[in-house]
Amino acid sequence: MAAIGINPAAANATKPGAQGQMSLQRVDDPSFVIRMDDHHIVHVRVCDVWTPDAAERYWRAFLPFLHQSRAHFAGYAKALIDRRGAPIMPVAMVQKMREGILEHYRPEDRLALVVDSSPLKAQIRQNYPLLNLDAFLSHDAALAWLINS
């Protein structure tokens with residue numbers, strides 16, 4: 001299993017009973033990078049082919065960021081997932097990620113996915129049925145949508 005780099009003090013801040021409000025910094029994994037920006041939007045950059053193991057690592061690493069974003073926005077989170085240049089996921093992985101999205105996201109969360117093509121945009125809109133999910137070809141358009149929503 002690949003090691004996930006995270007600030008240990010920030011990881012402890014997400015545990016029940018942690019004192020003070022600390023911020024998560026960044027998680028670097030061979031398959032993804034996760035960070036929080038100044039707008040409290042979670043940014044994910046997909047870097048490699050995803051396997052079930054990578055998906056498990058992703059959800060474990062991503063959830064503290066999702067919770068921190070929700071805490072800032074009083075109940076909903078904002079996340080930008082950038083898949084540009086990443087290999088196409090096999091159908092089984094698309095289904096596994098769809099299940100994770102339905103399990104971990106709330107209807108009021110905002111999720112923007114940046115992809116390489118219009119057909120992929122359409123596929124995402126069809127396969128990930130969240131009220132506040134949209135797909136974009138432009139990182140800037142996705143970020144503007146999140147900032148203004």
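**Sheet, helices and nonpolar cores**

On one side of helix α4 in this predicted model, the residues P119 and Q126 are exposed. L120, K121 and I124, which belong to the same helix (residues 118-127), are by contrast buried, and because these buried residues fall within an arc of 105° when α4 is seen down its axis, they line one face of the helix. An α-helix has 3.6 residues a turn, so residues three or four places apart point the same way. The buried residues of α4 pack against two strands, β5 (110-114) and β6 (133-136), and the helix lies across both of these strands, running at about 170° to β6. At the start of α4, the backbone nitrogen of L120 has a side-chain oxygen of S117 within 3.2 Å.

The strands β5 and β6 belong to an open sheet of six strands, arranged in the order β1-β2-β3-β4-β5-β6 with mixed pairing. Since β1 and β6 stand at the edges and have a single partner strand each, one side of each is left without a neighbour in the sheet. From one strand to the next, the twist averages 15°. Strands of a sheet pair through backbone hydrogen bonds, either parallel or antiparallel. Both senses can be illustrated here: β5 and β6 pair in the parallel sense over four bridges, with F136 in β6 as the bridge partner of V114, whereas β1 and β2 (residues 32-36) run antiparallel and are joined by four bridges. The latter two strands form a hairpin with two residues between them, and within this pair R26 stands opposite R35 of β2. Along β1 (residues 26-29) the side chains alternate, with V27 and D29 pointing to one face, where they are buried, and R26 and D28 pointing to the other, where they are not.

The largest nonpolar core comprises 37 residues, and those with the most contacts inside it are I34, W50, Y58, F62 and Y105. Elements that contribute two or more residues to this core include β2, β3 (42-46), β4 (78-82) and α3 (91-104), while α2 gives the most, with nine residues. The surroundings of I34 can be described in further detail: leaving aside residues up to four places away in sequence, I34 touches, among others, V27, V42, V44, Y58, A61, F62 and F65. A second, separate core consists of eight residues, including V114, F136, L143 and L146. Helix α5 (residues 139-148) lies across β3, β4, β5 and β6, and runs at about 175° to β5.

Terms used
Residues numbered from 1 in each chain as written. Predicted model: local features only at pLDDT ≥ 70, side-chain atom pairs only at ≥ 80, totals over all residues. Heavy atoms only, no water. Buried < 20%, exposed > 50% of the residue type's maximum accessible area, 1.4 Å probe, protein only. Arc of directions from axis to C-beta. Contact = heavy atoms within 4.5 Å. Polar contact = N/O pair within 3.5 Å; in protein donor to acceptor, adjacent residues only side chain to side chain. Pairing = 2+ DSSP bridges. Core = buried A, V, L, I, M, F, W, Y, C linked by side-chain atoms within 4.5 Å. Axes fitted to C-alpha atoms, helices over the stretch in contact; angles between N-to-C directions.
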